[in-house]
Amino acid sequence: MNSETNSPSYELITIGGGAAGFFGSISAAEHGCDRVLILEKSAKLLGKVKISGGGRCNVTHHCFEARELSKYYPRGEKSLIGPLSRWGAQDTVDWFTERGVELKTESDGRMFPITDNSQTIIDCLMREAQRLRIEIQCSNGVDAVEPLDAEQDDGARFLVHTQKQGSLRTRSVLIASGGIRLGSSAKLPAQLGHQLEPAVPSLFTFNIKHALLDELQGISVPNGEVSIHQSKLQASGPLLITHWGLSGPGILRVSAWGARELAERDYQFDIQVNWLPGLDAAAQVKRLRNEWGKRQLSTRSPFPAISKRLWTRFLSCAGIPENQTWAQLSKHHSQELCTLLNRCTFQVLGKSINKDEFVTAGGVVLKEVALKTMQSKLHQGLYFAGEVLNIDGITGGFNFQNAWTSGHHAGRAIASDI
Ligand SMILES: Cc1cc2nc3c(=O)[nH]c(=O)nc-3n(C[C@H](O)[C@H](O)[C@H](O)COP(=O)(O)OP(=O)(O)OC[C@H]3O[C@@H](n4cnc5c(N)ncnc54)[C@H](O)[C@@H]3O)c2cc1C
């Protein structure tokens, strides 16, 4: 305790030096909070920002309408309309731009720093933390947060038990400890009496062994439609063939929406892929038989979305001889081909973690958090931000947007409570 001023050692202690912890601390300090401390258990700050988006950091998504933006969060969705309308993607863009970091938008809506380097985002956050005199301690994890019986004369409301520095007094605590898949992140909210939605992975790829995909890794289609058998789950987007099966935004999206349901099915289920959504393969084949009658089917792919290598594989999987012309195509072969193109069934045998971006579904249940301020409804002065909450988005910059949004609201509310 600081005996001279008779105030607690800290106005805010933030647990976790990731995107949400930094943004929450910066927001608190910007709005007038003094004596802010970030405690990070590992030796690295902003470790996930560094590796995010393949080293480029997909900061947010070009979607500036809160209701629309909220639709990209399988966990969170409607509850996020309010928070996102008060701090959305445009606020993120403006915040970074005002601090000299320009963002650019790619054709699919993902936004990156123009440097294409996640270090730009790290440098910006570190600079801001330094300018606002935020104290940062690495390799000093928090073992427990102890609420004091009543607010003390000096304003302190919590003791934060650290691994290296004993117990620290603080008026507010921001838990920004990341996805609860790691036990250490789940421990603190649970100790404080918060309910947690159990952790399951989100954003994973599907393991499939099938002759259509064999050794075609690296081939993609710009838009495919994936639906899960015996389920309402469905998503569309680019599909990528990998060594192990199928990946790409279309698969990651359906994995995010189905994170809990697919975990319950132990990642064993059948999917149907439409490689040509919006195109009726049977009608196209009929047209091609008339227009391209004398041409061999294998000469070239008639669909711009399907590469020659993939097209040739469709033909061999449908049992169509290599030298067959469109006019010679039998009814049976035509049906086989159309089924493969529009309704191709694969058996999924398991999942692989997507190496470019993965998140945890699950976390602190939202009904115990006031989403205007991110304050716990169980303890005054306790706040949450980022992936520790039961909020997660599909791939595309939505998970960082959640870190910025929840961090901003928490920081602002913490400052106004001083
Ligand atoms: C490889 C990869 C790439 C990604 N790319 C993107 C992307 O491009 N765009 C996007 O939107 N999302 C991306 N994500 C998701 C995004 O990184 C996360 O959603 C986001 O980092 C969550 O931020 P956070 O601050 O809540 O948690 P984290 O970044 O996980 O930070 C939490 C921190 O808290 C620390 N901590 C935990 N417990 C304690 C404790 N008891 N005491 C002290 N410290 C503690 C942890 O060590 C960690 O540093 C990616 C994820 C991965 C894994």
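**Strand 11 and its partners**

I started with strand 11 and strand 14 (residues 245-247), which pair in the antiparallel sense over 2 bridges. This is a predicted model, so I read every contact below as computed. I checked who faces whom here: Phe206 stands opposite Leu246 in strand 14.

Next I looked at the other pairing of strand 11. Strand 11 covers residues 204-207 and is joined to strand 17 (residues 350-353) by 4 bridges, again running antiparallel. I noted one pair from that ladder: Asn207 has Gly350 in strand 17 as its bridge partner.

**Domains**

I pulled up the domain assignment to place these strands. Domain 1 comes in two pieces, 9-200 and 357-417, while domain 2 is 204-353. I then asked how far apart the C-alpha centres of domain 1 and domain 2 lie. They are 40 Å apart. The contact between the two draws on 14 residues from domain 1 and 9 residues from domain 2.

**The open sheet, 3-5-4**

I moved on to a sheet with 3 strands. It is open, its order is 3-5-4, and the pairing is antiparallel. Which strands are at the edges? I found strand 3 (60-61) and strand 4 (103-105) there, each pairing on one side only.

Taking the strand 3 side, I see 2 bridges to strand 5, in the antiparallel sense. Thr60 has Met111 in strand 5 as its bridge partner.

On the strand 4 side, 3 bridges lead to strand 5 (residues 110-113), and the two strands run antiparallel. I wrote down two of the facing pairs: Leu103 stands opposite Pro113, and Lys104 stands opposite Phe112.

I also looked at the turn. The hairpin of strand 4 and strand 5 has 4 residues between the strands, and Gly109 takes a positive phi there, near 95°.

**Ligand site**

Last, I went to the ligand. I counted its neighbours first: 32 residues surround the ligand, and the closest are Ala20, Glu40, Asp356, Glu387 and Phe400. Sorted by class, the shell holds 12 nonpolar, 13 polar and 7 charged residues.

Then I went through the polar atoms. For Glu40, a side-chain N or O atom sits 2.6 Å from an oxygen atom of the ligand. Glu387 gives 2.6 Å as well, once more from a side-chain N or O atom to a ligand oxygen. With Gly397 the backbone is involved: one of its N or O atoms lies 3.4 Å from an oxygen atom of the ligand.

How much of the ligand's accessible area does the protein cover? I get 94% of the 1,000 Å² that the ligand has on its own.

I also wanted to know which elements line the site. Those giving two or more residues to the shell are helix 1 (19-30), helix 2 (47-55), helix 7 (183-191) and helix 13 (398-416). Which of the helices gives the most? My note says helix 2, with 4 residues.

Technical notes: Residues are numbered from 1 along each chain as its sequence is written. This is a predicted model: local features need pLDDT of at least 70, side-chain atom pairs count only at pLDDT 80 or more; totals for chains, interfaces and linings use all residues. Side-chain values use heavy atoms; hydrogens and water are left out. A residue is near a molecule or strand if one of its heavy atoms lies within 4 Å of it. A polar contact is a pair of N or O atoms within 3.5 Å; within protein, one must be able to donate a hydrogen and the other to accept it, and residues adjacent in sequence count only if both atoms are side-chain atoms. Accessible areas come from the Shrake-Rupley method with a 1.4 Å probe; for residues, only the protein chains shown count as cover. Ala, Val, Leu, Ile, Met, Phe, Trp, Tyr, Cys and Pro count as nonpolar, Asp, Glu, Lys and Arg as charged, and the others, Gly among them, as polar. Two strands pair if DSSP finds at least two bridges between them. Domain bounds come from an automatic or database domain assignment. Contact means heavy atoms within 4.5 Å.
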